[in-house]
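Subject: Structure for you to look at

Hello,

Here is the structure I promised to pass on. Please open it and keep it beside you while you read my notes.

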Amino acid sequence: MVGVVDHAAGARRPTAGRARRLSLHPLPDRGKTSRGRGRSERGRTPAGPEWLLERGLDRDNIVALQTGQCWDPGKRTKPVTREQAIEALRQQVPACAKCRPDTALGIAD
Ligand SMILES: [Zn+2]
């Protein structure tokens, strides 16, 4: 095991040396680019739908309401408006227990 690692490190040494040398060049450029990009991305809100309806196998069967920020929204979701999200909860569509869209909409029981 140790012998294998040593061997791989030895084989990689010339490549690492080259990579380090190359990285010296873009350094001034990289600082300029990252500053400009950081500013424009920080001001932006994350793109994407705010609310998602998760469908079951049946096309008309809605199994859960999700927020757009849910980390586990399921496989079959479609973006909906806030009004549609509220309407879905009124029609007894379960709110996701992970992202709590009912709380986000202010209509939790
Ligand atoms: Zn969720």
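Which residue in β3 does Leu 53 stand opposite? The partner is Lys 78. Before going further, note that this is a predicted model.

**The sheet**

Leu 53 lies in strand β1, which covers residues 51-55. β1 and β3 pair in the antiparallel sense, over four bridges. Another facing pair here is Leu 52 with Pro 79 of β3.

Now turn to the pairing with β2. β1 and β2 are also antiparallel, with five bridges. Here Glu 54 stands opposite Ala 64 in β2. A hairpin of six residues joins β1 to β2.

Put these together and you get an open sheet of three strands in the order β2-β1-β3. β2 (62-67) and β3 (77-80) are at the edges. Each has a single partner strand, so one side of each has no neighbour in the sheet. On average, neighbouring strands are turned by 30 degrees against each other, ignoring direction.

How many of the five residues of β1 are buried? Four are, so this strand is largely enclosed by the rest of the structure.

**The helix and the core**

Find helix α3, residues 82-90. Helix α3 lies across β1, β2 and β3, and runs at about 135 degrees to β2.

Next, look at the largest nonpolar core. That core has 12 residues, among them Trp 51, Leu 53, Ile 62, Leu 65, Val 80, Ala 88 and Cys 99. β1, β2 and α3 each supply at least two residues of this core. In soluble globular proteins, nonpolar side chains tend to be buried together.

Leu 65 is a good place to start. Not counting residues up to four places away in sequence, Leu 65 touches Trp 51, Leu 53, Ala 85, Ala 88, Leu 89, Val 93, Ala 95, Cys 96 and Pro 101.

**The loop glycine**

Last, find Gly 68, in the loop between β2 and β3. Why does Gly 68 count as partly exposed? Gly 68 has 19 C-beta neighbours inside 10 Å, and a residue is buried only if it has 20 or more.

Gly 68 and Trp 51 are 17 residues apart in sequence. In space, their C-alpha atoms are 4.9 Å apart. Leaving aside neighbours within four places in sequence, Gly 68 is in contact with Gly 48, Pro 49, Glu 50, Trp 51 and Leu 52.

Best wishes

Technical notes
Residues are numbered from 1 along each chain as its sequence is written. This is a predicted model: local features need pLDDT of at least 70, side-chain atom pairs count only at pLDDT 80 or more; totals for chains, interfaces and linings use all residues. Two strands pair if DSSP finds at least two bridges between them. Axes are lines fitted to C-alpha atoms, for helices over the stretch in contact, and angles run from 0 to 180 degrees between N-to-C directions. Two residues are in contact if their C-beta atoms, placed from the backbone, lie within 7 Å. A nonpolar core is a set of buried Ala, Val, Leu, Ile, Met, Phe, Trp, Tyr and Cys residues joined through C-beta atoms within 7 Å.
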